[in-house]
Amino acid sequence: MTKRGHPRRGSLQYWPRKRARRIYPRINWRIMSEKIHPLGFAAWKAGMSHVTYVDNNSKSPTYGKTISKPVTILDSPSIFVCGIKFYKKASSGLTSVAEQWIDKLPKDMKLHPGKNSKNIKDFDEIRLIVATQPAKSGMKKTRSDIFELGIDGNDASKKKEYADSVFGKEISIKDIFRPGEYVDVSAVTKGHGFTGPVKRFGIRIQTRKDKQMHRHVGSIGPTVPRKMDWRVPAAGQHGFHTRTEVNKRIILIGDGPEQVTPKGGFLGYGLIPQSFILLEGSVPGSRKRLVIMRKASRTQKFEPVEIKNISLESKQGV
């Protein structure tokens with residue numbers, strides 16, 4: 001009888017495994033609905049903790065019970081809208097056609113604005129140019145991170161009206177997300193430098209009589225064709241890759257840092273002076289790494305959270 005299954009097609013690797021071009025991620029902003037609002041936000045990773053809350057998911061086996069889950073704490077001061085970028089649709093995708101910048105940028109941002117255009121009417125897509133405000137965070141950082149922020153909706157004229165309304169103003173985390181909502185989290189992972197194939201790909205360590213070499217791949221391929229396939233595990237850059245984890249639930253968004261900050265602050269980060277956000281589970285990246293959250297692309301679920309307790313014991317680990 002003919003075999004019904006078929007072998008796996010393609011590689012399951014992330015490729016190429018090279019360093020990210022910048023220390024904060026690049027995001028593919030997707031239109032999710034007709035409502036006009038920003039599609040994401042940025043925050044700095046401060047530490048981790050545990051929370052105890054009541055499970056309100058009716059499909060969960062622990063529905064109605066009190067459970068404890070690890071959470072990641074992000075320092076999330078407001079972001080500043082310093083510009084607007086306009087795009088035209090082309091066969092190869094979106095093409096930038098113009099930019100608008102505010103006349104006077106805050107001195108602590110240390111940005112270099114592009115060419116300013118006025119009276120732009122011919123465009124198909126519009127995005128906000130936003131900058132982080134590290135002076136309002138718990139880090140000793142002076143330079144702002146600048147990136148584009150997508151706007152939801154299909155009506156370009158309404159997007160332009162919204163962009164003009166927030167131009168030169170600040171956007172808070174509460175203007176975009178709410179507790180119980182699911183988000184996709186993108187960040188640059190921890191860097192490990194140049195490593196061998198055992199650590200990089202998890203291959204088997206060879207026996208003691210194998211050519212006096214143990215932490216190497218058993219075979220690099222056949223004699224013909226006379227070339228090494230790209231799927232063969234080899235040494236190279238490990239870590240510092242841009243990665244995205246989907247469907248992370250927002251547990252809490254708050255303005256009282258004292259309820260989540262341990263005595264003396266977070267190890268390797270410090271104090272959270274303003275607003276913060278708790279995400280269920282872990283997120284990519286190390287402490288002080290900028291994390292960008294966007295509206296969940298695979299689900300639109302909303303599960304409210306009733307928090308009973310926040311543990312301050314395990315805040316020092318990340």
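Six nonpolar residues, three polar ones and one charged one make up the lining of the second largest cavity in this predicted model. You can find the ten names on the structure yourself: the walls of the second largest cavity are formed by A42, A43, W44, D75, P77, S78, I79, T132, Q133 and L290. Where does the largest share of this lining come from? Strand β1, which covers residues 40-54, supplies that share, with three residues. As for the space inside, the second largest cavity holds about 30 Å³.

Now for the other hollow. The count of cavities of 30 Å³ or more comes to two, and the largest cavity has a volume of about 60 Å³. Look for N28, W29, R30, M32, L39, R294, K295 and S297, because these are the residues with an atom within 4 Å of a point of the cavity. What mix of residues do we get here? The lining of the largest cavity splits into three nonpolar, two polar and three charged residues.

Let's move on to the rings. A pair of aromatic rings is described by how far apart the centres are and by the angle between the planes. By the rule used here, the model has three aromatic pairs. One pair is made by F86 and F123, with 5.0 Å from centre to centre and 65° between the planes. Why does this pair count as edge-to-face? An angle over 60 degrees puts a pair in that class, and the planes of F86 and F123 are 65° apart, so edge-to-face is the label.

It's worth tracing where these two rings sit along the chain. F86 belongs to strand β3 (residues 79-90), while F123 is in the loop between β4 (93-101) and β5 (125-131), so their pairing ties together parts that are 37 residues apart in sequence. Are the two residues buried or exposed? The cut-off for buried is under 20% relative accessible area. F86 has 0% relative accessibility, so F86 counts as buried. F123 comes in at 12%, so F123 counts as buried too.

Elsewhere, W15, F201 and W230 come together as one aromatic cluster.

Finally, have a look at rings with a charge over them. R19 lies over the face of F240, at 4.2 Å from the ring centre. Then there is K301, whose charged end sits over the ring of Y182, 5.0 Å from the centre of that ring.

Conventions. Residues are numbered from 1 along each chain as its sequence is written. This is a predicted model: local features need pLDDT of at least 70, side-chain atom pairs count only at pLDDT 80 or more; totals for chains, interfaces and linings use all residues. Side-chain values use heavy atoms; hydrogens and water are left out. On a 1 Å grid over the protein atoms alone, a cavity is a set of points where a 1.4 Å probe fits but cannot get out, and a pocket is an open set with protein on both sides within 12 Å along at least five of seven lines; lining residues have an atom within 4 Å of a point. Grid points are joined across faces, edges and corners, and a volume is the space filled by probe spheres set on the points. Ala, Val, Leu, Ile, Met, Phe, Trp, Tyr, Cys and Pro count as nonpolar, Asp, Glu, Lys and Arg as charged, and the others, Gly among them, as polar. Helices (H or I, at least four residues) and strands (E, at least two) are DSSP runs, numbered from the N terminus. Rings of Phe, Tyr and Trp (its six-membered ring) pair if their centres lie within 6.5 Å; planes under 30 degrees apart count as stacked, over 60 as edge-to-face and the rest as tilted. Buried means under 20% relative accessible area, exposed over 50%, partly exposed in between (1.4 Å probe, protein chains only). A charge sits over a ring if NZ of Lys or CZ of Arg is within 6 Å of the ring centre and within 35 degrees of the ring normal.
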